[in-house]
Amino acid sequence: MSSLIKYTGVILGVLLAFVVQAQEMGIDTYELNSESNNLQGKMLGEVITLDAEVNTYFLYPDDWVPGSLKFTNGNVFEDLRIRYQAFTDELITYNKNGRFLYQIEKELVESFTFQDGSQSRKFVRLTKNNNQQTNMYLEELYKGTVSLMVNWYIYEQSVSPYKDKNGITRAVEYHLRKDYYLYTEQDGLTKIRLSRAALLSRFPENQRQIRKLLRQNKLHVNNEFTMVNALRLLAENNLTE
């Protein structure tokens, strides 16, 4: 991990305990002592430590990024150093006062943002309507009547055994992947491909008008940028109903 730079933010919240899977990932936990367990009476939970091997589980493997965090109760915390752990879909931040890392309880989070060079990227917590009602973090690429979201995740692939740079035998590799979703308050999350056909199928009653609109604007939907432009056009022309 790179050196942490100074920041002034302090988070209020409850920490989420790691389970056995965390230990298998090289993430250790231990109880806070009586002194660190009551920082201004506002923080409880377990400390975590990360070894170098788990860096491949993060959206940004090599560094912390400056960011901010908003809780569902409206509290906003800025000037943080955060990392998004894409393998298990968790947010980790560093507490300077206690000098420990901790994982933010997902149920408390409404959204978090961080700086990627000159670009600000925003992630929100949404519920995927499957059998388990899964809470997940998704990056918000476009916010509108129909929003475009992306779910980043680390894919684990079995491979022939090999020795890594540290001489340790490995039999898996980790790859960063992403899935795209449309989101509305009424319908929730709907997985989608970045294509004209997929967009048309999402709005069957307006397909004729949408085809005409895309043709008039010479817009070929085949990537994030063109999908965002298409959704913006549809909203401006009341074709997202």
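**View 1. Asn 238, an exposed residue past the last-listed helix segment H4 (224-236)****.** At 61% relative accessibility, Asn 238 counts as exposed, because exposed residues are those over 50%. The model shown is predicted. Asn 238 sits in the segment that follows helix H4 (224-236). Its phi is positive, at about 55°, although Asn 238 is not a glycine. Most residues other than glycine have a negative phi.**View 2. Asp 89, a buried loop residue****.** Where does Asp 89 lie? Asp 89 is in the loop between strand S6 (76-85) and strand S7 (90-95). Is this residue, Asp 89, buried or exposed? Asp 89 counts as buried, because its relative accessibility is 12% and the cut-off for buried is under 20%. The backbone of Asp 89 has a phi near 60°. That value is positive, in a residue other than glycine.

**View 3. Asp 89 and Asn 238, two positive phi values****.** Phi is near 60° at Asp 89 and about 55° at Asn 238. Asp 89 is buried, whereas Asn 238 is exposed. A loop between strands S6 and S7 holds Asp 89; the segment after helix H4 holds Asn 238.

**View 4. The protein around these sites, with four helices and 14 strands****.** The protein has 241 residues, and 43% of them count as buried. Its exposed area is about 13,800 Å². Carbon and sulfur atoms supply 46% of that area. How are contacts spread along the sequence? Among contacts between residues at least 6 apart in sequence, 54% join residues at least 24 apart.

Technical notes:
Residues are numbered from 1 along each chain as its sequence is written. This is a predicted model: local features need pLDDT of at least 70, side-chain atom pairs count only at pLDDT 80 or more; totals for chains, interfaces and linings use all residues. Side-chain values use heavy atoms; hydrogens and water are left out. Helices (H or I, at least four residues) and strands (E, at least two) are DSSP runs, numbered from the N terminus. Buried means under 20% relative accessible area, exposed over 50%, partly exposed in between (1.4 Å probe, protein chains only). Contact means heavy atoms within 4.5 Å. Accessible areas come from the Shrake-Rupley method with a 1.4 Å probe; for residues, only the protein chains shown count as cover.
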